[in-house]
Amino acid sequence: MARVRPMLDGVPETLLWTLHHRAFEAGRRYPVLDDPMALQLLADLDYPFEERFGVPDPFHSQAQALRSRCFDLAVQEYLADRPEATVVALGDGLETGFWRVDNGRLNWLSVELPEVATLRRTLLPPSDRLRTLSGSATDLSWLDEIEDPEGRGVAVTAQGLFMYLRPAEVREILAACAERLPGGILVLDSMARWLARGTVAGTSKVGAMTIPPMRWAMDPGERGKLRSAHPGITEVRGLHLPRGRGAMGELIRIQNLLPGLRTLTPAITQLRFGDRTPH
């Protein structure tokens with residue numbers, strides 16, 4: 001297959017930075033995330049990764065892979081009780097979560113902006129249990145695409161997405177999921193307020209790329225406020241990154257536990273939605 005040139009800018013381009021670091025970690029001798037497809041995607045794309053983003057560093061690459069692994073583990077935990085659930089990945093980018101967690105029974109709906117949806121369809125292998133929907137996560141019509149008449153369950157993920165939305169949009173998505181997906185979960189990540197301020201000011205960069213403005217931010221201690229989005233949100237729980245590799249993995253683990261340092265990387269939170277059925 002001829003190499004594909006991605007025509008992305010703004011928020012969609014950030015998925016290439018994520019892929020760059022995830023693939024770097026996947027190529028290590030003992031990767032913390034089993035993701036050979038990330039390496040293949042890197043090879044299939046005609047894009048100046050190092051020129052644009054610089055050479056991946058071990059800290060961010062392992063932390064990025066551990067973030068994806070944390071999302072995987074949350075989904076797998078949900079699938080353990082509901083193996084035929086639907087997983088809805090909002091802003092899926094070029095993540096390969098479907099293949100990493102596939103139990104042979106789940107269904108997967110990837111919701112992405114049109115230019116990214118086209119990339120996914122071009123570069124990733126098809127499956128009769130995987131659909132890619134072109135559209136914005138803020139257009140809640142994607143909820144109409146979820147078919148769950150038998151209550152098999154729905155797990156929604158929003159990895160590297162909500163920080164680029166406006167607070168009212170995030171709240172609306174949370175409320176709609178709580179209202180329409182009883183028994184489901186939603187896993188999200190968020191950036192600390194002090195980090196987000198730099199992106200709004202236009203002063204935050206990775207390599208030659210200016211990070212797009214992060215309009216929604218939340219410090220880890222503010223997680224409890226998410227309950228106010230809808231009475232159907234019955235649990236808000238912080239998730240910890242899984243253990244990493246070597247001294248760098250230990251540094252990442254400690255950084256995520258210490259109050260003064262844990263805001264350096266995204267915080268991951270899981271919401272659970274109550275069943276409507278009486279107990």
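Colleague: Where does Glu77 sit?

Modeller: In this predicted model, Glu77 belongs to helix H4, which covers residues 58–81.

Colleague: Why does Glu77 count as partly exposed?

Modeller: Because its relative accessibility is 47%, and partly exposed lies between under 20% for buried and over 50% for exposed.

Colleague: How many Å apart are Glu77 and Phe49 in space?

Modeller: From C-alpha to C-alpha they are 34 Å apart, with their positions 28 residues apart in sequence.

Colleague: Changing topic. Which residues touch the most other members in the largest nonpolar core?

Modeller: Trp142 and Phe162 do, in a core of 32 residues.

Colleague: And which elements each supply at least two residues of that core?

Modeller: Strands S1 (86–90), S2 (107–112), S4 (154–158), S5 (185–190), S8 (233–239) and S9 (267–273) do, along with helix H7 (167–180). H7 gives the largest share, six residues.

Colleague: Back to Phe162. What is it in contact with, leaving aside neighbours within four places in sequence?

Modeller: Phe162 contacts Val170, Ile173, Leu174, Leu186, Leu188, Asp189 and Trp216.

Colleague: Now the pockets. How much space lies in the second largest one?

Modeller: About 300 Å³. Its lining is made up of 15 residues, and those nearest the centre are Pro167, Arg193, Trp216, Ala217 and Leu226.

Colleague: Which element gives the largest share of that lining?

Modeller: H7, with four residues. Helix H7 also supplies the largest share of the core.

Colleague: What about the lining by class?

Modeller: Nine of the lining residues are nonpolar, five are charged and one is polar.

Terms used: Residues are numbered from 1 along each chain as its sequence is written. This is a predicted model: local features need pLDDT of at least 70, side-chain atom pairs count only at pLDDT 80 or more; totals for chains, interfaces and linings use all residues. Side-chain values use heavy atoms; hydrogens and water are left out. A nonpolar core is a set of buried Ala, Val, Leu, Ile, Met, Phe, Trp, Tyr and Cys residues joined through side-chain atoms within 4.5 Å. Buried means under 20% relative accessible area, exposed over 50%, partly exposed in between (1.4 Å probe, protein chains only). Contact means heavy atoms within 4.5 Å. On a 1 Å grid over the protein atoms alone, a cavity is a set of points where a 1.4 Å probe fits but cannot get out, and a pocket is an open set with protein on both sides within 12 Å along at least five of seven lines; lining residues have an atom within 4 Å of a point. Grid points are joined across faces, edges and corners, and a volume is the space filled by probe spheres set on the points. Ala, Val, Leu, Ile, Met, Phe, Trp, Tyr, Cys and Pro count as nonpolar, Asp, Glu, Lys and Arg as charged, and the others, Gly among them, as polar.
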